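Visitor: Please choose one part of this structure and take me through it slowly, explaining each term as you reach it.

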Amino acid sequence: MKSLEELKAIREKMQGQVGFRDEGDDGIRVVVGMATCGIAAGARPVLTTLSDKVQEKGLDKVKVVQTGCIGLCKYEPIVEVIEPGKEKVTYVHMTPDKAIEIIDKHLVRGQVVSEYTLDMK
Amino acid sequence: MLPEISLNILDIAQNSIRAEADLIEISVLVDREADSLTVIINDDGCGMTAEQVASVEDPFFTTRSTRKIGLGVPFFRMAALITGGTFEITSEVSVGTKVKAVFVLSHIDRMPLGDINSSIHTLITYNTGIDFVYTYGFDGASFTLDTRQMREILGGVPLDSPEVSDYIKEYLDENKKETDGGAQL
């Protein structure tokens, strides 16, 4: 059985490091719909992929969060990218593969992947 | 319809989160001898009146204002009942709500448990203001993850920091495997 001992090492390593995650106003929020409709359509692996990749690529300004039903159930899984000073981008019918594309193109390089956005449907 | 038991658990726990629970206890207990898979979700949220409890199994009942349909509980209930299992909700205003679903393990219509660790990991790391006690049992063996214990050891280090998030993932994976020997459920 994995024990809680390892947590002590993590604490010692992290102690003193205050604010290792930038959650200021200039950050990008990536919102995943996680109500019954979203979960049924496959939002859980999309959410997991997004948070894993954001962590892996060290995108400190990006915060992945979840929300309830966005009200567009037939378009789920839905991912919204909210950047201060810019119009909200709504990606629909998301999959883990598409989520990786969104990270590489939109979150890293700032290019909206318009083939997956809502207004193209 | 949610195709895995673990997705139903993720969905039902959202109700506890919306009910402003501070503590959510989730148990998944497999007993091959009794041919059962039992799921219990217990919260200390705002609870429901007797009238609300009576109507929550009805898909046309919801407390939301965005839409008039709530499918979470009816989906979970139906998934348990079609296996010949049982489903019950007990609740008390200001005390909390308990949902218990028993699935007949060997029934052909029992949906797979699915990636339960992913559901639990998602719940913990995306709701760091809430404590979770997760227990997984398989026949005689079991393990428990209690975020209150983790917080005590971690001091101020948040549960969603990358190092702790990875640790929780490994904790769930290793301990589940040791508990059920990697059984396909």
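Guide: A residue is called buried when its relative accessible area is under 20%, exposed when it is over 50%, and partly exposed in between, using a 1.4 Å probe and protein chains only. Helices (H or I, at least four residues) and strands (E, at least two) are DSSP runs, numbered from the N terminus. This is a predicted model, in which local features need pLDDT of at least 70 and side-chain atom pairs count only at pLDDT 80 or more, while totals for chains, interfaces and linings use all residues. Residues are numbered from 1 along each chain as its sequence is written, chains are lettered from A and ligands numbered from 1 in the order in which they are written, and side-chain values use heavy atoms, with hydrogens and water left out.

Let us begin with helix α4 of chain B, residues 116-126, where 11 of the 11 residues are buried, so this helix is largely enclosed by the rest of the structure. The buried residues of α4(B) include Ile116(B), Asn117(B), His121(B), Ile124(B) and Tyr126(B). One of them, Ile124(B), leads us onward, since Thr147(B) touches Ile124(B) and also Ile130(B), Asp131(B), Phe132(B) and Leu159(B), leaving aside residues up to four places away in sequence; contact here means heavy atoms within 4.5 Å. Thr147(B) belongs to helix α5 of chain B, and it counts as buried because its relative accessibility is 0%.

Helix α5 of chain B, residues 147-154, also meets the other chain, for its axis comes within 8 Å of that of helix α1 of chain A, residues 5-14, and the two cross at roughly 40°. Axes are lines fitted to C-alpha atoms, for helices over the stretch in contact, and angles run from 0 to 180 degrees between N-to-C directions. The two helices are therefore oblique to each other, the word left for angles that are not under 35 degrees (roughly parallel), over 145 (roughly antiparallel) or 65 to 115 (roughly perpendicular). From α1(A) the contact is made by Leu7(A), Lys8(A), Ile10(A) and Arg11(A), and from α5(B) by Met150(B), Glu152(B), Ile153(B) and Leu154(B).

Behind these helices we can turn to the sheet of chain B, in which six strands form an open sheet in the order β3-β4-β2-β1-β5-β6, with mixed pairing. Two strands pair if DSSP finds at least two bridges between them. The edge strands are β3 (86-92) and β6 (141-146) of chain B, each of which pairs on one side only, and the twist from one strand to the next averages 5°. Within this sheet, β1 (residues 23-31) and β5 (residues 131-138) of chain B run parallel and are joined by eight bridges, with Leu29(B) standing opposite Gly137(B) in β5(B). Strands of a sheet pair through backbone hydrogen bonds, either parallel or antiparallel.

Two further helices lie across strands of chain B. Helix α1 of chain B, residues 5-18, lies across β1, β2 (36-43) and β4 (96-104), running at about 15° to β2(B), whereas helix α6 of chain B, residues 162-180, lies across β5 and β6, running at about 165° to β6(B).
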